[in-house]
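Visitor: I would like to be walked through this structure slowly. Could we begin once it is in view?

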Amino acid sequence: MISFLITYLPFLLVLIVSALCLVLVLDINKIKNKGLLRLSRLNAFLSFQLLKNKRLSQNIILSEHIEKVLFKRFLKINTEILSLQKIIFEL
Amino acid sequence: MNCKPLDMRCKFLIQAILFSSIISFSQNSEEIIDSLKIELNKSQNDNVRAKIYGDLTWYYSSVSTDSALVYGEKAMIYAEKLKDSTLLAQTISDVGVVYYLRGDYDVSEQLYRKSLKIRKEIKDFAGIASLNYKLGNILYKKALPDSSMIYFLKALDFYERARADMIVNSVQSNIATVLMTLKNYDKALEYFDKNIAFFEKNNQQEMLANVLINKASVLLYKTDTIQAVFHLKKSIEVAKKVKAFTALGSAFNNLGSIYNDKKDFKKAKEFILKSIEIRETASLKTELESSKLTLAGIYSALGEFDKAKPILLENIKVFIKEGVKEKLPLVYLQLIPVYAYQSKPDSVAFYTNKYIKIQEEMAQESMQNITSELETKYQTEKKEKEILEQRTDLAEKELNINQKNTQIMGLGILALVLSLLGYLLYKQQKLKNQQLQKEGELKEALVKIETQNKLQEQRLTISRDLHDNIGAQLTFIISSIDNLQYGFKINNEKITSKLSSISNFTKETIYELRDTIWAMNKSEISLEDLETRVTNYIEKANIASANTIFQFNVDSNSSNEIVFSSVQGMNIYRIIQEAINNSIKYAEATSIKVNFKHLNNQFEISILDDGKGFNIGKVEFGNGLNSMKKRAEDIGATITFNSSNDGTHINLKI
């Protein structure tokens, strides 16, 4: 019986290790799928943030532009008001 | 019934069957040998020569055993040289037959066993059966009937499965003979009956006659004299038909012996004389003397001692010459009453002494034989035991080796599976790390972009507050100017004009600010939004310039899915605004068309007027045209200006 056990012990170990391998393969697949899911969520969130960033950037551009325009126009209004004052004082 | 004639027939039977094939070819063997020798001289090919040497060994065995041995040795050398196991096994077996014929049973047995080993290795089953048959004969000759029986049964098993009926019968005859020796008469009779049936069916009369005699002998052992006589008479009938003198002589002799035992001397004499006549004709010396001995016995029984004496004296000479020692005591025994009848006490004493001496010798010989047989049996059993022990050892070793091999195999597989496990663990860790790294990178990018977005949002919030304040201030300016204009009834044209100019300019600023706020409040500007905005603008322009006819066309193919970013929408709107403004202000156009078209993934906006146009080469690009060009470049669009005296065409492609 002992001799039989000694002879076939490696095969028993093979069975156990094979079972471990199987568990590991399943675990790897699980990690892969879980990871892919998590990464895809992060990617989606990042894409959303990038889109948001793009829109915000566009708005910033518009804002900067209008501010420049406003600055110029205010300058012109000021000049006009000053010239109006001059006309009034000249009267 | 004296058992000696029976023993003789037992011997005869074995020889008759084993050598039947040799006898059948011996008639032609000399011719075959000659033709083989011619072929041997012609051939240079080793394979052919080896085959011829083998054939010569076989054919010489019935002609000259010495020559057969010479050729056998050559055949073995060639077979070993060519590494032809089949030929080697056959040659060794043939040489074994030669030694058998020479009476050297030990060497013959060794050779048969060697050949058997080779044939087992090459799995030549027919050859194995033939050697089992031959070994059966050898062992019977060596007075080992038990072992002999084992080999005969092995051979019988093969030949029965191969349906080789002729050989099956030969083997069965030999088995019957062995059974007779082992005193298993019923079983022996069974086999002889099978033989008789076969030989009758196949019309093999001579063999039938021999088997009938043997069966009669067995019946005599069973004291069934009537049946024995019946079979002997039947044998005589059969033998007469085919002139089988040997069998005929034996049958008559045995019949005579039976009647002699029954004290029917007349009949006994009659059959013995017939036997003598036949054996004389066939020149069967020893057998003839046996018959004569029986006749002498009959004469002695009838009191005719004078007739018995010369026969007995002749018997002594022949038996001594032929080496038939076992018959001599019977002769000496029969001579004692003959000399007693002749009143010769010295001769009586002489033959009595001779009889006692030879009986003693024979008894001693018999004892030696028995001792030898026992010794052989002991040695055989010892060897068998040793072989068994060796086999057990071998089996144990084989088992150990198998176990070790199994262990090694198992360990090998285990190593492989462990490697696989290691690889999987490594892969698992690597995958985890890769995922963590990717996740980290993504999170980092996300944090950066979120921070940036927050900053931009804050900035935009401040901008919106600022725009709201500016909007309020601008409205206040317009309101103040309007109050001044209409509240104080200013008549000075210069002041009125200035105030109107400031008011209009401020209103334009407010419009521009509102347009920008509109664009900033939209995350994206659809074609529909742009259409509405442009329509509003055209309506206002139409109010400002009532003489101008405005047309705004949107291509029905234009997809509602077209969307622009806020910057794109804003710039497109500004370009259209600037173009319409220029047409009214500088070109004095009476008709202005604005077209939206969607062609091959390109969105095209064209503004046409019928104004006085301008010379693109000569006219310097003012702030308006430059502004349009810059806005187009900012949004990655292309803008073209075509102007003549008949009007201007501005085309924007995005």
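Visitor: Which residue of E5(B) is the bridge partner of B:Lys593?

Guide: The model is predicted, with local features needing pLDDT of at least 70 and side-chain atom pairs 80 or more, while totals for chains, interfaces and linings use all residues. Residues are numbered from 1 along each chain as its sequence is written, and chains are lettered from A and ligands numbered from 1 in the order written. Strands (DSSP runs of E, at least two residues, numbered from the N terminus) E4 (residues 591–599) and E5 (residues 602–609) of chain B pair in the antiparallel sense over eight bridges, where pairing takes at least two bridges found by DSSP. In E5(B), the partner of B:Lys593 is B:Leu608.

Visitor: Which strands stand at the edges of the sheet in chain B?

Guide: The open sheet has five strands in the order E2-E4-E5-E7-E6, with mixed pairing. Two strands of chain B have a single partner each, so one side of each is left without a neighbour in the sheet, and these are E2 (549–554) and E6 (638–644).

Visitor: Why is H4(B) roughly parallel or antiparallel to H5(B)?

Guide: The axes of helices H4 (residues 65–82) and H5 (residues 85–101) of chain B come within 9 Å and cross at roughly 160°, where helices are DSSP runs of H or I with at least four residues and axes are lines fitted to C-alpha atoms over the stretch in contact, with angles from 0 to 180 degrees between N-to-C directions. Angles under 35 degrees count as roughly parallel and those over 145 as roughly antiparallel, with 65 to 115 roughly perpendicular and the rest oblique. The crossing angle therefore makes H4(B) and H5(B) roughly antiparallel.
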